[in-house]
Amino acid sequence: MHERSLVQTLLNQVQQIVADDGGGVVKEIQVQVGDLSGVEPILFESAFTELATECFSQECRLVLEIVPVKAECRLCGQCFEVQKFEFLCPACGTGPVEVIQGDQVKLMSITVDSENSVSGAKL
């Protein structure tokens, strides 16, 4: 299950960010998961529940935001949300499109101690 290794990488990254920022108790980790990222949200959440208690307190929670896939037509420039994995431009009906959103797993923020938030980076 690659979700487990992604969660372990996430937790290591969070530990490093918090340590570099002076430490503290991690209360919340906010992550965006794209529909096209290959990550199964339920498995990600399950792995987080299992592994987070090894690194952080029981109170640490995961806020997972599912990000839809968006694309841009290379011919007409139309931006659109991809429905049912059909990568055709709704404006001109052509297929050469570029995915511009929804294919990543991204650490968005970490809430530590006094509700201070630290912006994150891509995993």
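Reader: What relative accessible area does "buried" mean here?

Author: The structure above is a predicted model. Its residues are sorted by relative accessible area: exposed is over 50%, and partly exposed is in between. Buried means under 20%.

Reader: Thanks! How many residues of E1 are buried?

Author: Strand E1 spans residues 26–34. This strand is mostly covered. Of its 9 residues, the number that are buried is 7.

Reader: Which strand does E1 pair with in the antiparallel sense?

Author: Two residue pairs show the way: valine 31 of E1 stands opposite leucine 107, and glutamine 30 has serine 109 as its bridge partner. Both of these partners belong to one strand, E6. Over 7 bridges, the antiparallel partner of E1 is E6.

Reader: And which strand is joined to E1 in a parallel run?

Author: Here a useful pair is glutamate 28, which stands opposite arginine 61 in E2. There are 7 bridges in this parallel pairing. The strand that runs parallel to E1 is E2.

Reader: Why is E6 called largely enclosed by the rest of the structure?

Author: Strand E6 covers residues 105–112, which gives it 8 residues. To be buried, a residue needs a relative accessible area under 20%. E6 is largely enclosed because the number of its residues that are buried is 6.

Reader: Which element gives the largest share of the largest nonpolar core?

Author: This core has 24 residues, and Val14, Ile29 and Val31 have the most contacts inside it. Elements that give it two or more residues are H1, E1, helix H2 (41–55), strand E2 (61–67) and E6. With 6 residues, the largest share comes from H1.

Reader: How far does H1 reach from its first C-alpha to its last?

Author: Helix H1 runs over residues 2–20 and has 19 residues. At 1.5 Å a residue, a reach of 27 Å is expected. The reach in the model is close to that, at 27 Å.

Reader: Over what arc around the axis do the buried residues of H1 lie?

Author: The buried residues of H1 are Glu3, Val7, Leu10, Leu11, Gln13, Val14, Ile17 and Val18. They sit on the same side of H1 because the arc they cover is limited. On the other side, Ala19 and Asp20 are exposed. The arc of the buried group is only 165°.

Reader: Is glutamine 16 buried, exposed or partly exposed, and which of these words fits its relative accessible area?

Author: Glutamine 16 is in helix H1. Its relative accessible area is 47%. Since buried is under 20% and exposed is over 50%, glutamine 16 counts as partly exposed.

Reader: Which glycine takes a positive phi just after H1?

Author: H1 ends at residue 20. The phi angle in question is about 105°. The residue that takes it is glycine 22.

Reader: Now the open sheet: which are its edge strands?

Author: The sheet has 3 strands in the order E4-E3-E5, with antiparallel pairing. Each edge strand pairs on one side only. The twist averages 35° from one strand to the next. The edge strands are E4 (79–81) and E5 (97–101).

Reader: What is the bridge partner of glutamate 72 in E4?

Author: Strand E3 (residues 70–73) is joined to E4 by 3 bridges, and the two run antiparallel. Glutamate 72 is within the residues of E3. Its bridge partner in E4 is cysteine 79.

Reader: Where is lysine 84, the residue with a positive phi that is not a glycine?

Author: Lysine 84 has a phi of about 55° and is exposed, with a relative accessible area of 74%. Phenylalanine 85 also has a positive phi, near 55°, and is exposed at 55%. Phenylalanine 85 lies in the loop between E4 and E5. The place of lysine 84 is the loop between E4 and E5.

Reader: How many disulfides does the count come to?

Author: A disulfide needs two cysteine sulfur atoms within 2.5 Å. The nearest cysteine sulfur to cysteine 76 is that of cysteine 89, at 3.6 Å. For cysteine 92 the closest is in cysteine 73, also at 3.6 Å, and therefore too far for a bond. The count of disulfides comes to 0.

Key: Residues are numbered from 1 along each chain as its sequence is written. This is a predicted model: local features need pLDDT of at least 70, side-chain atom pairs count only at pLDDT 80 or more; totals for chains, interfaces and linings use all residues. Side-chain values use heavy atoms; hydrogens and water are left out. Helices (H or I, at least four residues) and strands (E, at least two) are DSSP runs, numbered from the N terminus. Buried means under 20% relative accessible area, exposed over 50%, partly exposed in between (1.4 Å probe, protein chains only). Two strands pair if DSSP finds at least two bridges between them. Axes are lines fitted to C-alpha atoms, for helices over the stretch in contact, and angles run from 0 to 180 degrees between N-to-C directions. The expected span of a helix is 1.5 Å times one less than its number of residues. The arc is that of the directions from the helix axis to the C-beta atoms. A nonpolar core is a set of buried Ala, Val, Leu, Ile, Met, Phe, Trp, Tyr and Cys residues joined through side-chain atoms within 4.5 Å.
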